[in-house]
Amino acid sequence: MPLVPPRVPFVGRAVELAELRAAWQRVLSGEPWLALVGGEAGIGKSSLVRAFADELPPDAVQLTGLCLRIGNLPMPYAPISAVLQQIAGRFGLEALRAWAGAGTAALSHVLPDLADRPTSGEPERLALFDALAAVLEDAARQAPVLLVLEDLHAGDQTSWHLLQFLQAVLRDSRLLLVATYRTDALPTRHPLRPVLAELSRRPGVGRLDLQSMPPEELTELIHSVLPSAGPTLVARLVERSDGVPYFAEELARGAREGRELPATLADALMARVYALSEAAGELLRLACGVGLNVSQEILEALSDLPPRELDTALREAVDAGLLVPTETGYAFRHGLLREVIHDRLLPGEHTRLHSRVADALAAHPGAGGGDAELARHLFSANRLPEGFAACRRVLDGPSHAPLTRLRLLENALEVWDRDPAAAAVLGSRGEVLYAAAAAARNGGEEGRALPLIEASLKEEDLDPLDRAGRLVILSRVRYRVLGQDPLPILTEALALTPSDPPTAERADVLDHISAQLMLDGRLAESLAAAEEGLAIARAVDATAAESSLLNTIGCVVASLGEDERGLALLEQAGELSSGRSRTRWRVNYSNHLHLAGRFREAAETALAGVDDARDLGVERSRGVMMASNAAESLLALGELDEAVALARPALALNPRADERMDLRLLLAEVALVRGELESAETVLADYAPVFTAEHAEPQDRLRLGRNLVQLALARERADLAWQYSRTVLAMSGQEHPALTWQALCLAARALRLGGGDREQDGAWLRERASRLAPAVTTERWRALFEAELDDTTEAWRQAADAFAAGPMSLRLDILIELGRHLAGDGASAAEVLSQARTLAVRLQAESRLPVVRRLQRRAGGRGGGSALAGLTAREREVLGLLMEGASNGEIAQKLFVSTKTVSVHVSNILAKLGVSSRGAAAAKARREGW
């Protein structure tokens, strides 16, 4: 759908237009941009965007999606459908299919022409977003793209989440996103407000808030409509317009045609309608009942005019600038105009109009939005039995998206009490509430699902098994929305399911209970519940539940120290898993491979999970957790850049709070390895409350606690690190032994560096370690634990051997400590310190390199460079401090010599190295491995 051409020359807004031009230049260089254009109705948002679009070169791809409403109900996928139609018109359906790949099925729900056969099943919203993003990326490879989303205020969560998603994931694309919204349509608690606030904080986003147009620009605009207007009339029009250009335009047009000046913008808009012939005005009233867009076919069905008279009335409305042609019919030039006409319908007119629209849609099913749109019009027409019947067809047909079903069911519930026959068509009110709650949850709207599922449970006497199923949903929704412990509700659900005979419902409840108990660290209870559920699932042939329960059992068994058995059980779960359930299995399997020290296998398994997500069309949604697991294993392997390359795009998707925390903590760990302490501290400060929150999941508190210990150690605050360590160890004990060992080793390091009483606290740590269950990695961790406590050369040598395969950041610390002991003992430390230097460079651990260099100097090492070999011992000391960025004065203070002496040493160093500056000397020393 092309942008509607302006009726008058564009005037003013030079600053805002310049900002859009600058954004386009960024886009041309591969830096996508989002411009949020806000202002009151008529302030010129669309005119600004149109004027900018008119300047773009002919090869630019211009796409427009409108957020629409029918009555008080938004059309959730209207912008996506419009954009896809325009892309298909520009590049063809085959290109669209190729670009969408596995996401073609999801897109076919909103663009049926993409499907070879009628679409079935429900599209997942994120799969739809993911596929659209892939299409836009490929379109932007052909030519730069301008994508305009108009009237966000008239949309819903789907439109807003789409905007957030596209802004987050479309990186390095020649794409300019422009979104317009009416500020006067956003009351204080409007849900779009926090979305706009969150977007405004992101990089790559600019906000243009259009203010009232200044008098001189309004004067120019008025003269473009009414060139003969004298100063007195212009002054009156400027005053009456209140700085709103659209209002000024309408007032000037009214003055040109000799009409009285209207009192409000709505009156100004309606004055244009009243000025039309009766036939054209009636045609606009018919069109407003359909929506912002109306097809030629439906207009012909609604109108009683002969074809020639209909064309004449349409041309009149188009010439008056009230309707504009589209590919299939007509659209209102301004959404506000359509709203004003519709709002001024009398009650009887409203009912009769929507009844006529419903009849037209029923007679021409290919020209409207199907049964969902038909049902809305039938409800508005008070034809409730027919509306409920259309609603029934939507529920029975699998092709409607969850949020479409949700809005339709909400509309049905609004009129429920007006027709006692509703239950005979749709089932009980409780069943409709339950269906609406399920649609909300499937559509990612847990907040809307909560009151619906709660009302569903209060509505009627339920069969115990049905009630149990609803309680399971209630537990998950309350957990997501309120952070409420789901176990009490799940326990209530379990009591409703008989143990004999076995039922799939009981297996499902036990599956949820065991998974939650595992997350809470109650491993023995989790195992008992899962094993009971597994026996039931096998008895009733519930394969999906069997796979999920085996998944939980494998995780619990591994966490109790039986890694090999746990991994074997997880492999069995994987053999039974399929589709989206397989993603949960890959998450857990890769995690336990990682805990068993099989980092490469763990990374490969998680990356295969990203591929699974891609095949399902949800690479940028469900693939986030897989990317997080893969990144963690890559971090352990020392492939930090690769880990960051996975984590940052996943984080940009704005995932759920728990997944976001995992990703940010992983980036904090990278920052700690590389000595970027301020970056790490910023992340940890954001999540500090989680460390002490009793309701937080143990695994989250433990990971955060370990990072806090590492930051304190990096800050040389051994006392604080010891305090954090005591807290971490007090809350641990039910997680995998490898995680507790990691906490013990950090505590031992804090103790070694002076954080506690070495003898007394060391004995406490040894006793704590003796209670851990054995695991595959126990001996590896024990070697490091003993090295931290004993602090002997031999102990560190054994630890270095144990951690040869990683985690590499720990191996670097171990090599440094071993090198320290070898240098202090006078033994040859060259090989160990060379390994440490190589690893530090690989990890970009800049804060560790000066430590390694000092140890090499202490051990008499020359770093292997021929030029460096000619330096004296004192010159090597000066060079080492120079490489750390010290000035001559600072070097003099550290070496207890005069600044002049240091200057002489620096001159000698530059001469011997054959360089002309201090920076060049440092760079050459680094290149030669010093």
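Here is a short chat about burial, contacts and salt bridges in this chain.

Me: What kind of model is this, and how are its residues numbered?
Reply: It's a predicted model: local features need pLDDT of at least 70, side-chain atom pairs count only at pLDDT 80 or more, and totals for chains, interfaces and linings use all residues. Residues are numbered from 1 along each chain as its sequence is written, and side-chain values use heavy atoms, with hydrogens and water left out.

Me: Why is Arg506 called buried?
Reply: Buried means under 20% relative accessible area, exposed means over 50%, and partly exposed is in between (1.4 Å probe, protein chains only). Arg506 has a relative accessible area of 10%, so the buried label fits.

Me: And what makes Glu532 partly exposed?
Reply: Glu532 comes in at 33% relative accessibility, which lies between the 20% and 50% cut-offs, so it counts as partly exposed.

Me: How do you know that Arg506 and Glu532 form a salt bridge?
Reply: The term asks for a side-chain nitrogen of Lys or Arg within 4 Å of a carboxyl oxygen of Asp or Glu. Here the closest N and O atoms are 3.1 Å apart, so the pair qualifies. The pair links distant parts of the chain, with Arg506 in helix α26 (residues 504–519) and Glu532 in helix α27 (residues 523–539), 26 residues apart. Helices here are DSSP runs of H or I, at least four residues, numbered from the N terminus.

Me: Why do such side chains pair up at all?
Reply: Side chains of opposite charge can pair when their charged atoms come close.

Me: What makes Arg538 and Glu546 a salt bridge?
Reply: Their closest N and O atoms are 2.9 Å apart, which is within 4 Å, so the name applies. Arg538 is partly exposed at 44% relative accessibility, whereas Glu546 counts as buried at 15%.

Me: How do you know that Arg766 and Asp790 meet in a salt bridge?
Reply: The N to O distance is 3.0 Å, so that one passes too. Arg766 sits in helix α40 (residues 758–770) and Asp790 in helix α41 (residues 778–790), 24 residues apart. Arg766, at 32%, and Asp790, at 39%, are both partly exposed.

Me: How many salt bridges are there, and which residues are linked in a network?
Reply: The structure holds 38 salt bridges. Arg749, Arg752, Glu788, Asp813, Glu817, Arg820 and Arg848 are linked in a network of them.

Me: How much of the chain is buried?
Reply: Buried residues make up 56% of the 930 residues.

Technical notes:
Helix = DSSP H or I, 4+ residues; strand = E, 2+ residues; numbered from the N terminus.
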